[in-house]
Amino acid sequence: MKFEHLIEINDPLNPLLDALTVEQLWSGLVLRAESPKLFVPQLDEAIIDERTDNSFRRRLRYGQLVIEDRVRLEPLQRVVYDVPAQNDITASTLTMSIEQPTPETLYVRFQYDDGHDAETDAANAMYDEFKRSAYKEADIDTVGMIRELATQGRLGATLN
């Protein structure tokens, strides 16, 4: 299943929407990767056990299920989650890209690829529709949490 959608962050025509800077949005996306329990309440534990300049490996525990992934950071552009095949889980990727088509507008593009071929996708069509809906809701919640953290002053306006 390949699936993507955009969430609008800044809309100059909507005065009810507090504008975020690219830096605040970036800080929020990195925080989601480094402190996922803030964004995923059902997550029991998250451990970062290996770091490089622009990536890190995590172990995420949901009850008995443990998932290892690697997060790659492309500063102020995108966060990429690579999940290698493990146990009953196929390899998959999630990319969160910052898009700013004009100085006043700001978006996050969420792109999912579960690594399945077209034949498998056809067999899983109904299940994949549920996954798309759940992913979209989780992404809306992520943006909501980033907005909340920015309102609280917990996301810096500039990078240090």
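**Entry 1, ring cluster.** I looked for aromatic contacts and found Phe3, Tyr112 and Tyr135 linked by ring pairs into a cluster. The model I am reading is predicted. I count two aromatic pairs in the structure.

I took Phe3 and Tyr112 to begin with. Their ring centres are 6.0 Å apart and their planes stand at 25°, so I log this pair as stacked; the cut-off for stacking is under 30 degrees. I then placed the two residues: Phe3 is in strand S1 (residues 2-10) and Tyr112 in strand S7 (residues 106-113), so far along the chain that 109 residues separate them.

Next I turned to Tyr112 and Tyr135. This pair is also stacked, with 4.1 Å centre to centre and 5° between the planes. Tyr135 belongs to helix H3 (residues 125-151), and the pair joins it to Tyr112 in S7 across 23 residues.

**Entry 2, exposure of the cluster.** Which of these residues are buried? I find that Phe3 and Tyr112 both are. For Tyr112 the relative accessible area is 11%, so I enter it as buried; the limit is under 20%. Tyr135 has a relative accessible area of 27%, which means I enter it as partly exposed.

**Entry 3, hairpin.** I moved on to strands S2 (residues 45-52) and S3 (residues 55-62), which pair in the antiparallel sense over seven bridges. The hairpin from S2 to S3 runs through two residues. I looked up Thr52 and found that its bridge partner in S3 is Ser55.

**Entry 4, charge over a ring.** What lies over the face of Phe56? I find Arg51 there, at 4.9 Å from the ring centre.

Conventions:
Residues numbered from 1 in each chain as written. Predicted model: local features only at pLDDT ≥ 70, side-chain atom pairs only at ≥ 80, totals over all residues. Heavy atoms only, no water. Pairing = 2+ DSSP bridges. Helix = DSSP H or I, 4+ residues; strand = E, 2+ residues; numbered from the N terminus. Phe/Tyr/Trp six-rings, centres within 6.5 Å; stacked < 30°, edge-to-face > 60°. Buried < 20%, exposed > 50% of the residue type's maximum accessible area, 1.4 Å probe, protein only. Lys NZ or Arg CZ within 6 Å of the ring centre and 35° of its normal.
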